[in-house]
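Biologist: I am new to this structure and would be grateful for a close look at a single part of it. Please choose the region where the packing can be described in most detail, and set it in the context of the whole chain.

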Amino acid sequence: YLKTLPPDNEVAASVAVPEKMAVVKRSYDEVCEAAEIRRLRLYETVTYHTLMGEANEIEAWVTEQEKMVTQNNLGTDLPFIQHQLTALDEFERELTAMEPLLSRLNERAGDIIEKGHTKEVDIQSAVDNLNRRYNNLERLGKRRKSHLMDRHKLLTFCNSVDLCLEWIDEKKKPLLAAETDGDIEMVRAMQRKHVGVVRELYTIKEKVADIYKQGEEIIREQPSSELQLTEKLQELSERWSEVEEANEVHTEWLGKCNELAEFNNNLNDMNNQIKILLTEIESSVNELGEDVGSTEALLATHRELREAVEGEREEVDQAIEIGRRLIEEENCDTEEMEEEISAVLGKVEQLESAWSEREEALTSQLELRACDLDEHGIQDRVDTVVAKMEQMTVTDCEQLEQMLTLEQEKIEQLQAVKGKILSSQTDVKKVLMLTSLKSPHTC
C-alpha cells in the first residue's frame, strides 16, 4: 500500500523512493540468489542421496555375495560342490546383470563430479570403493569357482577310482572260484564264462590306463593333491595287479580242469567202448562153428575186432601217460587217479584176454573141424574099400589090410590131435558135444 506522507516531507520522499526501490531490488535479488543456491543445494543433496542410495544397494548386494565367495569350505562330497557351483552360476548371472547398473552409476557420478558437486570427494571415494569391491567380488567369484571346479574334478576322479576298484573286486570274485568237481560240459561252460570275464578285464585295463592319465593331469594342475592322488593310484595299481595275477592263476587252473575233465571224458568213452567190444566178444563165445567154413567165417569176423582192440590199447596207454603226468603235476586226487588208471588198465587187459581166448577157441575149433574133415575123408575111403572086399583077391586083401593099417594110424594121429585140442579148450564138455566123432570101420 502507499503511505501518505505529510506535506513537509514531500521533497524528502521524492528523493527516498528510488533508493528504497534499489534496496528492495537488491533484497529481491539476494532472495532469488539465495533461493537458487538453496535449489542447487537441494538438487545436489537429492542427487547425492539418490546416487549414494543406488551405490548402497549395489554395495549391499556385493556384501551379501562376498559371504558366499569368501567361504573356505569346498566340501567333501559331489552333491555339495554341485550345489555350490549352481549357486555360483546364479551369482555370475546376477553379476553380469549388475554390471550395466554399475556402469550407469559411474557415468552419473562422473557427471556430478564434473559439475563440481560439493561432495564430489565423498562421491568419488564411494564410487571408487564400490568399483574396487565389485572387481574384487568378481575376482573372488572366479577364484571360488576355480577352486570348486578343481575340487569337483578331484572328487570325480576319486569316485572314478572307487568305482573302478569296485568293478575290479566284482570281476575278481569269479576268478577266485574253484569248482573242482565237474564234467567236461561244466568245465567248458566255465571257460566260456571266463572268456567273458577276460573281455571285461580288457575294458577295465583301458579304464585303469585312462584313470592314470587323468591322475597325472590333475597332479600337474593341483600339486597340493599329489599325496592323496598318489595313494589312490597306488591302491588302484595294487588291486589291478592282484586281479591280473588272479586271472593268470584262474586261466591256468581252468586249463588243468579242462585237461582233467577231458581225461575223465576220454576215460569214460574208453570204458564204454571196451564194454561194447567185450560184450560183443562174450556174446558170441558159444558160437564156434559147425564146420570148417562157418568156423573160418567166425574167425575172420573175430580178427576184424583186433584193430579195434589194439586201438583201445593205444588209447589206454596214452590215457595212462596223461594220468601219470596229471599226478606228477598234482592236478588231481592221486589215489582216485591211480584207481581209475588201474580200473581201465584191468578192463583193457580183460578185453585183450577175452579176445585172445576167443581167438584160441576159434583156432582150436578150426583145427578140430579140419581133423573132422580129414577123419571123415578117411572113413569114406575105408567104407568104399570095404564095400568092394567081396570082389577082391587075396593079394588085394593083403594090400587092403596094409592100407587100412595106414588109415588106422592116421585116424589115431587125428584122434591124438583132437584130444590135445579138446584139452586146451575152456569148456571141454561143450566142445565135445559139438565135435562128436564117428568110430572107424575095421576090416
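**The core shared by the opening helices**

Modeller: Buried residues account for 31% of the 443 residues in the protein chain. The model is a predicted one, and the part examined here is a nonpolar core, approached by way of the overall fold.

The protein chain contains nine helices and zero strands, so its pattern, read along the sequence, is simply α-α-α-α-α-α-α-α-α. Of the contacts in the protein chain between residues at least 6 apart in sequence, 84% connect residues at least 24 apart. The accessible surface amounts to about 28400 Å², and carbon and sulfur atoms hold 52% of it.

The largest nonpolar core has 28 residues. Within this core, the residues with the most contacts are Ile58, Trp61, Val69, Phe91, Leu105, Ile123 and Leu137. Helices α1, α2 and α3 each contribute at least two residues to this core, and α2 gives the most, with 10 residues.

Two of the residues just named also form an aromatic pair. The structure has one such pair. The ring centres of Trp61 and Phe91 are 6.1 Å apart and the planes meet at 10°, so the pair is classed as stacked; the cut-off for that class is an angle under 30 degrees. Trp61 belongs to helix α1 and Phe91 to helix α2 (residues 78–114), so that the pair links distant parts of the chain, 30 residues apart. Both Trp61 and Phe91 are buried.

The surroundings of Phe91 can be listed in full. Setting aside residues up to four places away in sequence, Phe91 touches Trp61, Gln65, Met68, Val69, Leu137 and Gly141. Among these, Trp61, Val69 and Leu137 also appear with Phe91 in the group that has the most contacts inside the core.

Apart from this core lies another, of 22 residues, among them Met270, Leu277, Leu305 and Leu326.

Charged side chains complete the account of these helices. The structure has 18 salt bridges. Glu59, Glu66 and Arg133 are joined in a network of them.

Within helix α1, Arg39 forms a salt bridge with Glu36, and the closest N and O atoms are 2.3 Å apart. Arg39 and Glu36 lie three residues apart in helix α1 (residues 10–69), which means that about one helical turn separates them. Arg39 is partly exposed, at a relative accessible area of 44%, and Glu36 is likewise partly exposed, at 34%.

Helix α3 offers a similar case. Lys142 forms a salt bridge with Glu138, with 4.0 Å between the closest N and O atoms. Lys142 and Glu138 are four residues apart in helix α3 (residues 120–176), and therefore about one helical turn separates them. Lys142 counts as exposed, at 54% relative accessibility, because the cut-off for exposed is over 50%. Glu138, at 28%, counts as partly exposed.

A further salt bridge leads from helix α3 to a later part of the chain. Lys232 is bridged to Asp162, the closest N and O atoms being 2.5 Å apart. Lys232 lies in helix α5 (residues 226–283) and Asp162 in helix α3, 70 residues apart, so this pair also links distant parts of the chain. Lys232 is buried at 16% relative accessibility, since the cut-off for buried is under 20%. Asp162 is partly exposed, with a relative accessible area of 28%.

The cysteines deserve a brief remark. A search of the whole structure finds zero disulfides. Cys32 is partly exposed, with a relative accessible area of 33%, whereas Cys158 is buried, at 5% relative accessibility.

Finally, one residue further along the chain may be set beside the core. Ile320 lies in helix α6 (residues 292–328) and is buried, with a relative accessible area of 14%. Leaving out neighbours within four places in sequence, Ile320 is in contact with Ile341 and Leu345. The C-alpha atoms of Ile320 and Ser342 are 9.0 Å apart, although 22 residues separate the two along the chain.

To return to the part chosen: the largest nonpolar core, of 28 residues, draws at least two residues from each of α1, α2 and α3, and Trp61 and Phe91, both buried, form a stacked pair.

Notes:
Residues are numbered from 1 along each chain as its sequence is written. This is a predicted model: local features need pLDDT of at least 70, side-chain atom pairs count only at pLDDT 80 or more; totals for chains, interfaces and linings use all residues. Side-chain values use heavy atoms; hydrogens and water are left out. A disulfide is a pair of cysteine sulfur atoms within 2.5 Å. Buried means under 20% relative accessible area, exposed over 50%, partly exposed in between (1.4 Å probe, protein chains only). Contact means heavy atoms within 4.5 Å. Accessible areas come from the Shrake-Rupley method with a 1.4 Å probe; for residues, only the protein chains shown count as cover. Rings of Phe, Tyr and Trp (its six-membered ring) pair if their centres lie within 6.5 Å; planes under 30 degrees apart count as stacked, over 60 as edge-to-face and the rest as tilted. A nonpolar core is a set of buried Ala, Val, Leu, Ile, Met, Phe, Trp, Tyr and Cys residues joined through side-chain atoms within 4.5 Å.
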